[in-house]
Amino acid sequence: MPSWDDMRVFLAVARADSLSRAAPVLRMDAATVGRRIARLEDELGAAVFVKSPQGYALTDLGTRMHEHAEHAEAALLRATEEARGDQVGLSGQIRIGAPDGAANYLLPQVCAAIGAENPELEIQILALPRVVNLSKREADMAVTVSPPEAGRLSVKRISDYKLHLAARSEIADAITTRADVKGYPMVGYIPDMIFDKELDYLGDLAVSGVQQASNSVAVQVASLRAGAGVGIVHDFSLPFAPELRRVLVEEVSLSRSFYLVRHMTDRTSDRLNRFADVLSRGIRREVARLEGQVA
């Protein structure tokens, strides 16, 4: 009968698709991880992974085991929380995945406030220019700009936020109509790296293309601050960019939403539920505070 330690190794490899990527998580070397998986398969008398140059993929048996192992992991976490008496304060490590707009301009302040109230808590912010894979446990929860359409995930809408065209003051002064925008280079996302349809902001404003592009919101804002042209920015980023001014506020105004996405098996974790609640409230307050400064 496999032990929980065997299941812990199995879960890490299943989430990483690779011995070498699972090894740092387990604090083992890749060869040891490989031996542990081989021993597990010997005990079971069947393969749980298909090995290939591309990595480790779950077999049918491995897929069934993965679901049960995740439930066991969640139950163990709940038991550990109760033993620690976590109602006194949050502790341990929690990782949040987020698009870099939220990761750069919202989460540092929100997480600093949560950390100040919970000194035993370690918060990690994973900023990625793509969708965070919760099924692979890249993070405990994720802030997204659209609700996922597949997967065993729970979704909660956190907050709406606004976006407008912005440019350095000397450029903004010269823009009074949409036609004026075409006289300046457009700053925005690299078109083929837009990972969510909600990030495709520019529409017909970018008829002639994006002249200065990045997959990072922070880089786009920095480019606009340097006078690279005109682009769509989050209103909540503008207090961090005093050189920029919104233009055509009534004519070009966008609204989007943030969602908090979690793995379905974590719904029974009091610790993660409590953290999700304070995180959501913090994000709502911070969006309102920063947008209020711009308005």
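A pocket, as I use the word today, is an open set of grid points with protein on both sides within 12 Å along at least five of seven lines, and its lining residues have an atom within 4 Å of a point. With that settled, the second largest pocket here is lined by 24 residues. Please keep in mind throughout that this is a predicted model.

Let me stay with that pocket for a moment. Its volume is about 350 Å³. The residues nearest the centre of the second largest pocket are V131, V132, T144, S146 and P148. Which element gives the most to the lining of this pocket? That is strand β5, residues 141–144, with 3 residues. By class, the lining of the second largest pocket divides into 15 nonpolar, 5 polar and 4 charged residues.

Now the chain as a whole. The protein chain has 295 residues, and 46% of them are buried. It holds 10 helices and 11 strands. The C-alpha trace spans about 75 × 45 × 30 Å along its principal axes. If you take the contacts between residues at least 6 apart in sequence, 75% of them join residues at least 24 apart.

Next, one helix pair. Helix α1 covers residues 4–16 and helix α3 covers residues 30–44; their axes come within 10 Å and cross at roughly 115°. The crossing of α1 past α3 is left-handed. Which residues meet there? From α1 we have D5, D6, M7, V9, F10 and V13, and from α3 we have V33, R36, I37, R39, L40 and E43. Sorted by class, that contact has 7 nonpolar and 5 charged residues, and no polar ones.

On to the enclosed spaces. How many cavities of 30 Å³ or more does the structure hold? There are 2. The largest cavity has a volume of about 70 Å³. It is lined by 15 residues, and P99, G101, Y189, L199 and V217 are the closest to its centre. Helix α5, residues 100–105, supplies the largest share of that lining, 3 residues. The lining of the largest cavity comprises 11 nonpolar residues, 3 polar and 1 charged.

The second largest cavity comes to about 40 Å³. Its lining consists of Y201, V217, Q220, V221, I232, V233 and H234. Of the elements involved, α9 (217–225) and β9 (230–234) each supply at least two of these residues. The lining of the second largest cavity has 5 nonpolar residues, 2 polar and no charged ones. You may have noticed V217 twice: it is among the residues closest to the centre of the largest cavity, and it also lines the second largest one.

Last, a single residue, D235. Where does D235 lie? It sits in the loop between β9 and β10, the latter being residues 244–247. Is D235 buried or exposed? The relative accessible area of D235 is 2%, so D235 counts as buried, given that the cut-off for buried is under 20%. What is D235 in contact with, leaving aside its neighbours within four places in sequence? The list is K162, L163, H164, R246, E291 and V294.

To recap, we have gone through the 24-residue lining of the second largest pocket, the α1 and α3 crossing at roughly 115°, the 2 cavities, and the buried D235. That is what I have.

How values were computed
Residues numbered from 1 in each chain as written. Predicted model: local features only at pLDDT ≥ 70, side-chain atom pairs only at ≥ 80, totals over all residues. Heavy atoms only, no water. Axes fitted to C-alpha atoms, helices over the stretch in contact; angles between N-to-C directions. Helix = DSSP H or I, 4+ residues; strand = E, 2+ residues; numbered from the N terminus. Left-handed = near helix turned anticlockwise from the far one by under 90°. Contact = heavy atoms within 4.5 Å. Nonpolar A, V, L, I, M, F, W, Y, C, P; charged D, E, K, R; others polar. 1 Å grid on protein atoms, 1.4 Å probe; cavity = no way out; pocket = protein on both sides within 12 Å on 5 of 7 lines; lining within 4 Å. Points joined across faces, edges and corners; volume = space filled by probe spheres on them. Buried < 20%, exposed > 50% of the residue type's maximum accessible area, 1.4 Å probe, protein only.
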